[in-house]
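The following exercises are to be worked with the sequence and the 3D structure at hand. Each task is followed by a solution in steps.

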Amino acid sequence: MKSRYGIHSALVRTTLTIGFAAALSASLQGCFLALAGAAGGTALVATDRRTVGSQTEDREIQVKALSDITKNLPDTAHINVAVFNQRVLLTGEVPDEASRQKAETTARAIANVESVVNELAVEPASSFSSRANDSYLEGRVKAELIAYKDISANNFKVVSERGTVYLMGLVTQQEGATAADATSKVMGVAKVVKVYQYIQPGQAAPVAAAPSAPAPANAAEEPTVGAVPDASVSSRPIDQQPPAPVMESSPGQPGSGKAM
């Protein structure tokens, strides 16, 4: 009987020890993740060409603009607001031209807004599947920009609306052209619109070269996606498409901040 109670007591101690260790491990992991997240956030701030003050203003403008526009427009409107260096980009769908102008006027009245680029479309609100596809395209484009060694993806803000991708950022002419060309070749992108604010090459911080992926030892070893096993049919990847057209955005209208 004594031996039986001893075994029971040992099992209880072992269970408590394992539980304590697991809790401690989870706690330490949470602390580590919190520190890692803080470090990652600092890195993004440090590599952004905007000042910390400008980044903070952009976040405040975005929250204020989205709140004010939502209050002033019908429920049938679907509005997205993107802000970069106090330039506001409006995308989405509105029921009529009056709503389109109302959204722009509301955004322009917000403090510190330098200009507003109105890309709102007068048409029914996009479907859930269309918005999901836009989120997917934004991720695809960002991944594509990371792969280019001559530009930094952190210098670009990517917005997708109904398959049209808008690129914002403080970039040189060459950087802007490189990013637009790369974006135009991403499968599913229907059009690329440049909403850049251009800077001189001397104002651009050096861009660290991204590590390139190792090339296959033999070209024949590289997998072909979507190939058809028929000698009479030439196989090619299914994710190829002609480059999407690239264009400049509509002229931005001055806001309550500095003149353009």
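**Exercise 1.** In which helix does V141 lie? Determine also whether V141 is buried or exposed, and list its contacts beyond the local sequence.

Solution. The model is a predicted one.

Step 1. V141 belongs to helix α4, which spans residues 128–146.

Step 2. The relative accessibility of V141 is 0%. Buried means under 20% relative accessible area, so V141 counts as buried.

Step 3. With residues up to four places away in sequence set aside, V141 touches V158, V165, L167, T183, V186 and V189.

Step 4. V141 and V159 are 18 residues apart along the chain, and their C-alpha atoms are separated by 9.5 Å.

Step 5. For the helix as a whole, α4 lies across β5 and β6, and its direction is at about 150° to β5.

**Exercise 2.** Establish the strand order of the open sheet that contains β6, and state which strands stand at its edges.

Solution.

Step 1. The sheet has four strands in the order β5-β6-β7-β8, and its pairing is mixed.

Step 2. β5 and β8 (246–248) are the edge strands; each has a single partner strand, so one side of each is left without a neighbour in the sheet.

Step 3. On average, neighbouring strands of this sheet are turned by 25° against each other, direction ignored.

Step 4. Helix α5 packs on the sheet, where it touches β6, β7 and β8; the direction of α5 makes about 165° with that of β7.

**Exercise 3.** Describe how β6 pairs with β5 and with β7.

Solution.

Step 1. Strands of a sheet pair through backbone hydrogen bonds, in either a parallel or an antiparallel manner.

Step 2. β5 (residues 157–161) and β6 run antiparallel and are joined by five bridges. Within this pairing, K157 stands opposite M168, and E161 has T164 as its bridge partner.

Step 3. The hairpin of β5 and β6 has two residues between the strands, and R162 in this hairpin takes a positive phi near 55°.

Step 4. β6 and β7 (residues 191–198) run parallel, with eight bridges between them. Here Y166 has V193 in β7 as its bridge partner.

Step 5. The connection involves a helix: β6, α5 (residues 173–184) and β7 make a right-handed β-α-β unit.

**Exercise 4.** Why is β6 described as largely enclosed? Assign its residues to the two directions in which they point.

Solution.

Step 1. β6 covers residues 164–171, and eight of the eight are buried, so the strand is largely enclosed by the rest of the structure.

Step 2. T164, Y166, M168 and L170 point one way, whereas V165, L167, G169 and V171 point the other way.

**Exercise 5.** Compile the environments of N155, Q197 and H78.

Solution.

Step 1. N155 is placed in the loop between α4 and β5. With a relative accessible area of 4%, N155 is buried. Apart from neighbours within four places in sequence, N155 is in contact with T47, R49, F84, M168, G169, L170 and V171.

Step 2. Q197 is found in strand β7 and, at 15% relative accessibility, counts as buried. Its contacts, neighbours within four places in sequence excluded, are F84, N85, R87, G169, L170 and V171.

Step 3. H78 lies in strand β1 (residues 78–84) and is buried, its relative accessible area being 11%. Not counting residues up to four places away in sequence, H78 touches T91, G92, E93, A125, S126, R131 and E161. The C-alpha atoms of H78 and T91 are 8.4 Å apart, with their positions 13 residues apart in sequence numbering.

**Exercise 6.** Characterise the packing of α2 with α3 by angle, axis distance, handedness and contact residues.

Solution.

Step 1. Two packed helices are described by the angle between their axes and the distance between the axes.

Step 2. α2 (residues 52–72) and α3 (residues 97–108) pack at an angle of about 145°, and their axes are 9 Å apart.

Step 3. The crossing of α2 and α3 is right-handed.

Step 4. From α2, D68, I69 and N72 meet K102, A103, T106 and A107 of α3. By class, this contact has three nonpolar, two polar and two charged residues.

Methods: Residues numbered from 1 in each chain as written. Predicted model: local features only at pLDDT ≥ 70, side-chain atom pairs only at ≥ 80, totals over all residues. Heavy atoms only, no water. Buried < 20%, exposed > 50% of the residue type's maximum accessible area, 1.4 Å probe, protein only. Pairing = 2+ DSSP bridges. Right-handed = clockwise from strand over helix to strand, strands pointing away. Axes fitted to C-alpha atoms, helices over the stretch in contact; angles between N-to-C directions. Left-handed = near helix turned anticlockwise from the far one by under 90°. Contact = heavy atoms within 4.5 Å. Nonpolar A, V, L, I, M, F, W, Y, C, P; charged D, E, K, R; others polar.
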